[in-house]
Amino acid sequence: MMSYENNIFLKLLNYFLSSRVNPATVSAREYTLWDSFKLPEDISTTGKYIDWLFNYITLWNIFYFALVCIGLFGFSYLYHHKRNKVPLYTHGYKKQQLAVTFIIGLAVFLTIDIFIAAKSSYDLKAYFWNFPSENEETIKIEVAAQQWMWTFRHAGPDNEFNTVDDIVTNHDLYIPVNKKVEIRLTSKDVIHSFYLPNARTKIDAMPGRISRLWFEATKTGVFDIACAEMCGTNHYKMQAKLIIYEQKDYQEWLTQAHKIATYGLDPDHKEFNWGWPWRNEK
Amino acid sequence: MTYVHPIHPAPTTFLKKYVFSMDHKVIGKQFLWYGIFFLGVGGMMALLIRWTLAFPGEPFPVIGSILFPYTNGVVPPDTYSMLFTLHGTIMIFYAITPILIGAFGNYCIPLLIGARDMAFPLLNMLSFHIAVVSGVILLGSLFLPLGGAAGGWTSYPTLSTAVGSPGAGQTFWCLAIFVLGVSSTMGAINYITTVISFRAPGMGYFDMPLTIWGLWLTAILNAIFIPVLSAGVLLLIFDRVFGTTFFLAGAAATTGSGDPILFQHVFWIFGHPEVYILILPAWGIVSDILAFFSRKPAFGAKATALSMTAITVLSTLVYGHHMFTTQMSPLLTQTFMTLTMTISIPSAILFANWLGTIWKGSLRFDTPMLFSLGVVFVFGLGGLTGLYLGTATTDFYLHDTYFVVGHFHYTMAASVLLGGFGATYYWFPKMFGRMMNEFWGKVHFWGSMIGLNGIFGGMLLVGYAGMHRRLYNPFVYEFMQSLAPMNLFITWAALFMGAAQLPFLWNFIYSLYRGPIAEANPWKVGTLEWTVPSPPKTHNFDTIPVVKCGPHELGNPNLKNGRDFQYQTEELVKI
């Protein structure tokens, strides 16, 4: 990696581009242009498959784009009308010429396209759509999106959703590390999209439908949850925090949260935070 | 069979000549002005958006306090939503479409195929006037009490139903799109009929310039898919105005429930072909210009035409890749992913043929040629970045991020805009009888090229870093605060790009009145429009030409008449 400190060009560039964002919204750290080249930290077990595929495509793309550039700039230099006065009279229908064209088309298809489609299909079946089975111990969470808030519902001690002992949190999603989390999403009003940049995934929350998603965190900490689908004026404010605890801390939080959740609860007022019964599907 | 229009006397009154003209050349120019006007409006909106992203909370300089007096010149969040909604709508439907399809489609099709006018001149005139009505509705919506549409150019329900957009702006938006759809369909039918029935005698489909191929395939896609969009927005109007629930679901659907995803299917069945509707004319124009300025025949012209046809067919079968995150059935997801991948075969053939065309040519770097080479460069970037988005798993991460924005701007904005500018410099002498300035043309090219690569390349980077779309202030998220310098860079590039259009505007207007008089064939090219004077007479051709060879006969070593090209009306000189 190029170091920023020693590069005069980047220093100059940064002089013109020093961050002028309102200090009220940005932490004290000064960022440089170089920070834009970094992906958010991957904290999931499945994110690496997406990163791998991304890098694979990038490598081939660099190769093919370099070919285009060599052709474009090389031919522009070599066959400038001052250097090459007499053009070659060919329609490109000779057998060799057609073969070259066809081979280029096929090469792109075989090296990138069909490979990434197959790899992506495999990843989908092996990981992203391979939801935890019924018997597996998973953290189940129901998410209701609305303008402009995320509501997260844990089942509570009775392990049943849509009962009075559910733990409902707004804006904060608490999960334990190293445990599969299955999420069911819906929306009350418009379409939202549940976006976890650190897990490299997102899924739409749609009114009238329940969509689902699973992931497993590999480290503790606080990370961003964003709404990725335009959902109105305050779309940009529709954020939540993903708080990942060690397993024993999570258990402690669960106990505490259940106490708070049932404190002063009116059992007849269920609609206040609506959930739905969890259905196992495969 | 070839149909021929009779020669009508040229109109004499001002109204008949410039306003209610049925002459395809005048209508083409009307669409050009219309498109350039909206390009300016949409471009200004883009600058307001960029300003907000780079300097959140700071007033927009000079005109900010006039536009937004209540916030002392700062763009308010709801206005920001309107800006990106209308920027998308205006650029796609009111700038790119009128310039590429409306202006060059109208101007070029009859002239390049040797016809005296479009098949249906009255329909042609109506198509422009209806487009004006639509533009007025759209701009008028900005002055409504709650402002214009603000649900994104895709207008997904339920945000675009009364649940999310109570103002009349969204209804006006739907109406404007519906009316514009009528205009586009009229134009499309006209183009298809003209190309099929009015080609000059002797001109087979493969004797048509590739420009015509691009415009013709575009017209076919338009005729099939614009009505689908019109149906979608009509149902949306019903939901908004008459209380139906086609697209309503969730807590808001009190009287029965529809499905918002249905709209996405309808929208993208149209929306994906729309991408090709915009790019196909540019591909055709670029394929021709590269050959003309390399002074050699277009390499594999038939393969280029057939690749464009293949892409036209495939474009109708891949729309589902816009909806991977809606969790379609696994079968659909994998099918759409695989079908999307097949598009890269014809695309790679196009690139091979473009490079084959300039290979061993005698390249002249006039402005149209520079713009065409620019298209090959930026479309390379745009096409290759599409691979990440057509793959379902990487799309889960990149969907609705700036990576998508960067990608489609490279394909739809950068490529099409450069292609459109190239076409403007190329046909300007024929349209207005004067030459544009070469020096300022080149300044315009390099300025635009640097500017747009800075903008859209920067967008790819911030998207890769996870920044998602349509955010008024992205820096409320911790993980995006590091992207502030890059957003600043993109905004400077956008301002630079905006400034780079000033030489074009000056050049265009100055050359209109003061440019050197153009000869009939300034570029030394053999297609039919260059056989008639610049600008052509109202009826184009006194006698309908008879076509005897292909459009790209340049550099034939056996030519004896002192020219290095031959007109399409001349018998092919054998090798």
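Which residue of β3(A) does Arg153(A) stand opposite? The partner of Arg153(A) is Val168(A). The model discussed here is a predicted one, and this report treats the two sheets of chain A before turning to the helices of chain B.

## The sheet from β3 to β8 in chain A

Five strands of chain A form an open sheet in the order β3-β2-β1-β5-β8, and the pairing is mixed. Its edge strands are β3 and β8 (211-216), each of which pairs on one side only. From one strand to the next, the twist averages 25°.

Within this sheet, strand β2 (residues 149-154) of chain A runs antiparallel to β3(A), to which four bridges join it. On the other pairing described here, strand β1 (residues 139-146) of chain A and β2(A) are also antiparallel, with six bridges. Arg153(A) in β2(A) stands opposite Glu142(A), and Arg153(A) likewise stands opposite Val168(A) in β3(A).

Strand β3 (residues 167-170) of chain A shows an alternation of its side chains. Ile167(A) and Thr169(A) point to one face and are buried, whereas Val168(A) and Asn170(A) point to the other face and are not buried. In a regular strand, side chains alternate between the two faces of the sheet.

## The sheet from β4 to β7 in chain A

A further open sheet of five strands in chain A has the order β4-β10-β9-β6-β7, again with mixed pairing. The edge strands, each pairing on one side only, are β4 (172-176) and β7 (201-205) of chain A. The twist from one strand to the next averages 25°.

Strand β9 (residues 221-227) and strand β10 (residues 240-245) of chain A are joined by five bridges in the antiparallel sense. Val222(A) stands opposite Ile243(A) in β10(A). Helix α4 (residues 247-262) of chain A lies across β4 and β10 of chain A, and it runs at about 130° to β4(A).

## Helix α14 of chain B and its packing

Helix α14 (residues 402-432) of chain B bends by about 45° at Tyr426(B), and Pro429(B) follows within four residues. Of the 31 residues of α14(B), 30 are buried, so this helix is largely enclosed by the rest of the structure. Gly433(B) follows α14(B) and has a positive phi, near 75°.

Helix α4 (residues 77-113) of chain B packs against α14(B) at an angle of about 35°, the axes being 11 Å apart. The crossing of α4(B) past α14(B) is left-handed. On the α4(B) side, the residues that meet α14(B) include Met91(B), Ile96(B) and Phe104(B). Among the residues of α14(B) at this contact are Ala413(B), Gly420(B) and Trp427(B).

## Helices α8 and α12 of chain B

The axes of helix α8 (residues 260-294) and helix α12 (residues 367-390) of chain B come within 9 Å and cross at roughly 125°. That angle makes α8(B) oblique to α12(B). The crossing of α8(B) past α12(B) is left-handed.

Ala282(B), Val286(B), Ile289(B), Leu290(B) and Phe293(B) are the contributions of α8(B) to this contact. They meet Pro368(B), Met369(B), Ser372(B), Val375(B) and Val376(B) in α12(B).

## Tyr18 of chain B

Tyr18(B) belongs to helix α1 (residues 14-19) of chain B. Tyr18(B) counts as partly exposed because it has 13 C-beta neighbours inside 10 Å. Its C-alpha atom is separated by 9.6 Å from that of Lys29(B), which is 11 residues away along the chain.

Technical notes: Residues numbered from 1 in each chain as written. Chains lettered and ligands numbered in written order. Predicted model: local features only at pLDDT ≥ 70, side-chain atom pairs only at ≥ 80, totals over all residues. Buried ≥ 20, exposed ≤ 12 C-beta atoms within 10 Å, placed from the backbone. Helix = DSSP H or I, 4+ residues; strand = E, 2+ residues; numbered from the N terminus. Pairing = 2+ DSSP bridges. Axes fitted to C-alpha atoms, helices over the stretch in contact; angles between N-to-C directions. Contact = placed C-beta atoms within 7 Å. Bend = angle between axes of the 7 residues up to and from the residue. Parallel < 35°, antiparallel > 145°, perpendicular 65-115°, else oblique. Left-handed = near helix turned anticlockwise from the far one by under 90°.
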